[in-house]
Amino acid sequence: MEPIGSQEARTRGPGKRVCVVGASGKLGRYMVRHALNRGYEVVGVCREQSVDKLAEFEGRITVIPGATDDRAVIARAVDGCQAVLTVLVPWGMNHYSSGTAQTVLDQAPPGARLVFSCGWHITRDGKDVYTRKLKTFVAVFGRLARLARVADLDDQVEACRRIFSSDTEWTVVRGSDLEEGESQGLPVWSRHVGDPVLASNLTRRVDFALFMVDAVEDDALVREAPAIVGRLTPSALAHARTEGVA
């Protein structure tokens with residue numbers, strides 16, 4: 001895919017200023033670590049009650065407390081940033097995912113790389129093929145979560161619909177089931193769930209974060225919705241052997 005927009009307008013390499021929206025969560029903290037390791041200047045956004053979770057980064061990042069769908073908070077956080085990494089969480093019944101996505105789309109500087117996280121259940125073109133187990137889980141969890149008014153998976157779908165229709169330089173990273181553990185390296189990806197390379201349906205959370213941060217400077221991922229899986233999972237290794245990749 002040809003790069004879209006003015007790539008020269010973005011700082012590349014150390015010195016880049018990036019914003020992590022949802023920085024206090026497990027995925028967010030991993031992204032902060034990866035970004036700092038690359039020499040980026042990091043701004044983190046999280047709820048006021050979660051600021052303490054970022055204590056390990058005190059003096060190394062700028063923390064902007066507030067709701068991730070608050071336009072004033074996001075406008076302040078993304079000012080001067082060349083990239084914005086956003087965790088789309090479906091919690092609550094007040095359109096938090098779509099509100100967060102729209103706010104980032106509206107407030108991010110022109111030409112900024114926007115990288116969002118979501119699950120495999122999001123489809124861009126309807127060509128994904130899901131297992132019965134995954135479809136059942138999404139249907140049951142989604143119904144129970146709505147009844148309990150704790151989460152709204154449909155709002156995450158709406159958030160991604162808005163991202164896909166925007167003219168920004170976006171990437172939506174679709175994660176498999178996640179586990180903790182040492183890094184296995186950059187995950188492998190496919191455009192569609194159902195590809196045999198993704199069959200293991202498992203990624204280390206630290207590597208999900210690594211893929212998010214790596215996408216910032218990977219122009220091949222602009223306006224892509226990669227579904228990822230761990231590099232050392234059985235399905236990824238089988239694919240590597242088939243392709244003759246070491």
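Here's a quick briefing on one buried threonine and a handful of salt bridges. The model is a predicted one. T171 sits in strand β6 and has a polar side-chain link to R113, while the salt bridges come to ten in total. Among them are a pair joining two helices and a small network within helix α5.

**T171 in its strand**
- Strand β6 covers residues 169-175, and T171 is part of it.
- T171 has a relative accessible area of 0%, so it counts as buried.
- The T171 side chain makes a polar contact of 2.8 Å with the side chain of R113.
- Beyond its neighbours within four places in sequence, T171 touches R113, L114, V115 and F116, along with L221, V222, R223, E224 and P226.

**A bridge between helices**
- D106 and R71 pair up through their side chains in a salt bridge, at 3.0 Å from N to O.
- That pair ties together distant parts of the chain, with D106 in helix α3 (residues 96-107), R71 in helix α2 (residues 71-78) and the two positions 35 residues apart.
- Both ends are partly exposed: D106 has 39% relative accessibility and R71 has 43%.

**The helix α5 network**
- E158, R161 and R162 are connected as a salt-bridge network.
- R161 bridges to E158 with closest N and O atoms 2.8 Å apart; these two are three residues apart in helix α5 (residues 153-164), about one turn.
- R162 also meets E158 in a salt bridge, 2.8 Å from N to O, and here the spacing is four residues, again about one turn of the helix.
- Partly exposed is the label for E158 at 24%, R162 at 26% and R161 at 47%.

Conventions
Residues are numbered from 1 along each chain as its sequence is written. This is a predicted model: local features need pLDDT of at least 70, side-chain atom pairs count only at pLDDT 80 or more; totals for chains, interfaces and linings use all residues. Side-chain values use heavy atoms; hydrogens and water are left out. Buried means under 20% relative accessible area, exposed over 50%, partly exposed in between (1.4 Å probe, protein chains only). A polar contact is a pair of N or O atoms within 3.5 Å; within protein, one must be able to donate a hydrogen and the other to accept it, and residues adjacent in sequence count only if both atoms are side-chain atoms. Contact means heavy atoms within 4.5 Å. A salt bridge is a side-chain nitrogen of Lys or Arg within 4 Å of a carboxyl oxygen of Asp or Glu.
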